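Colleague: I am new to this structure and would like to understand one part of it properly before I look at the rest. Could you choose a single element, take me along it residue by residue, and explain what surrounds it?

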Amino acid sequence: MKCIYEEIENLPGSCRKVFSMSFVKGMSNKEVAEALQITNQSVRSSKHRAVKLLRIAILNRDIIVTNFIYCCVLAWLS
């Protein structure tokens, strides 16, 4: 879970703010749009971008960890 929080903090400013308001605070798209004075479409776009960036970042972390474990196992077996 820690890596997810780290990656949320690494999101671009607007994506991080919309993601936090939507998913952490549980605000609706309309509430977020009103609070930030942006359109509903901007909220949806920011949420989509945030989720996409998080998915990529977490996948990359998993690949790095998996490769590290694989190398450790190979070294241990040899």
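Modeller: One term is needed before the walk begins: a residue counts as buried when its relative accessible area is under 20%, as exposed when that area is over 50%, and as partly exposed in between. Please also keep in mind that this is a predicted model. The part I have chosen is helix α2, which covers residues 13-24, and it belongs to a protein chain with 4 helices and 0 strands, whose elements run α-α-α-α from the N terminus on.

A good place to start is Phe19, which sits in helix α2 together with Phe23. Phe19 has a relative accessibility of 11% and therefore counts as buried, since the cut-off for that class is under 20%. Phe23, by contrast, comes to 45% and is partly exposed. Being 4 residues apart in the helix, Phe19 and Phe23 are separated by about one helical turn. Their rings have centres 4.7 Å apart and planes at 45°, so the pair is described as tilted, because that word covers planes that are neither under 30 degrees nor over 60 degrees apart. A search of the whole structure finds 1 aromatic pair, and Phe19 with Phe23 is that pair.

From Phe19 we can turn to the interior. Phe19 is one of the 6 residues of the largest nonpolar core, where Ile8, Leu11, Cys15, Ala50 and Leu54 join it. Helix α2 gives two or more residues to this core, and so does helix α4, which covers residues 40-77. Ile8, another member of the core, can be followed a little further: leaving aside its neighbours within four places in sequence, Ile8 is in contact with Arg16, Phe19 and Leu54. Ile8 is also one end of a distance that leads back to helix α2, where Ser20 has its place. The C-alpha atoms of Ser20 and Ile8 are separated by 8.4 Å, although the two are 12 residues apart along the chain. Ser20 itself has a relative accessible area of 24%, which makes it partly exposed.

There is also a second, separate core, which has 5 residues and includes Val18, Met21, Ala33 and Val43. Val18 appears again when one looks across to helix α4, where Ser46 is found. Leaving aside neighbours within four places in sequence, Ser46 is in contact with Cys15 and Val18. Cys15 is listed in the largest core and Val18 in the second one, and so this serine touches a member of each, with contact meaning heavy atoms within 4.5 Å. Ser46 counts as buried, at 13% relative accessibility. Ser45 is likewise in helix α4, but with a relative accessible area of 38% Ser45 is partly exposed. Between Ser45 and Cys15 there are 8.8 Å in space, C-alpha to C-alpha, for 30 residues in sequence.

Towards the end of helix α2 comes Ser22, whose place is also in this helix. Ser22 is buried, with a relative accessible area of 9%. Once neighbours within four places in sequence are left aside, its contacts are Met27, Asn29, Val32 and Lys47. Of these, Asn29 and Val32 fall in the range of helix α3, which is 29-36, while Lys47 falls in the range of helix α4, 40-77.

Phe23 then takes us back to the outside. Together with Val24 and Val51, this phenylalanine makes a nonpolar surface patch of about 270 Å². Phe23 thus has two roles in the picture drawn here, as the partly exposed partner in the aromatic pair with Phe19 and as one of the residues of the patch.

For the setting of this helix, some figures for the protein chain may help. Buried residues make up 21% of its 78 residues, and its accessible surface comes to about 5,900 Å², with 61% of that belonging to carbon and sulfur atoms. Among contacts with a separation of 6 or more, 50% are between residues 24 or more positions apart.

How values were computed. Residues are numbered from 1 along each chain as its sequence is written. This is a predicted model: local features need pLDDT of at least 70, side-chain atom pairs count only at pLDDT 80 or more; totals for chains, interfaces and linings use all residues. Side-chain values use heavy atoms; hydrogens and water are left out. A nonpolar core is a set of buried Ala, Val, Leu, Ile, Met, Phe, Trp, Tyr and Cys residues joined through side-chain atoms within 4.5 Å. Buried means under 20% relative accessible area, exposed over 50%, partly exposed in between (1.4 Å probe, protein chains only). Patches are made of residues with over 30% relative accessible area and no salt bridge: like charges are joined within 9 Å, nonpolar side chains (Val, Leu, Ile, Met, Phe, Trp, Tyr) within 5 Å. Accessible areas come from the Shrake-Rupley method with a 1.4 Å probe; for residues, only the protein chains shown count as cover. A salt bridge is a side-chain nitrogen of Lys or Arg within 4 Å of a carboxyl oxygen of Asp or Glu. Rings of Phe, Tyr and Trp (its six-membered ring) pair if their centres lie within 6.5 Å; planes under 30 degrees apart count as stacked, over 60 as edge-to-face and the rest as tilted.
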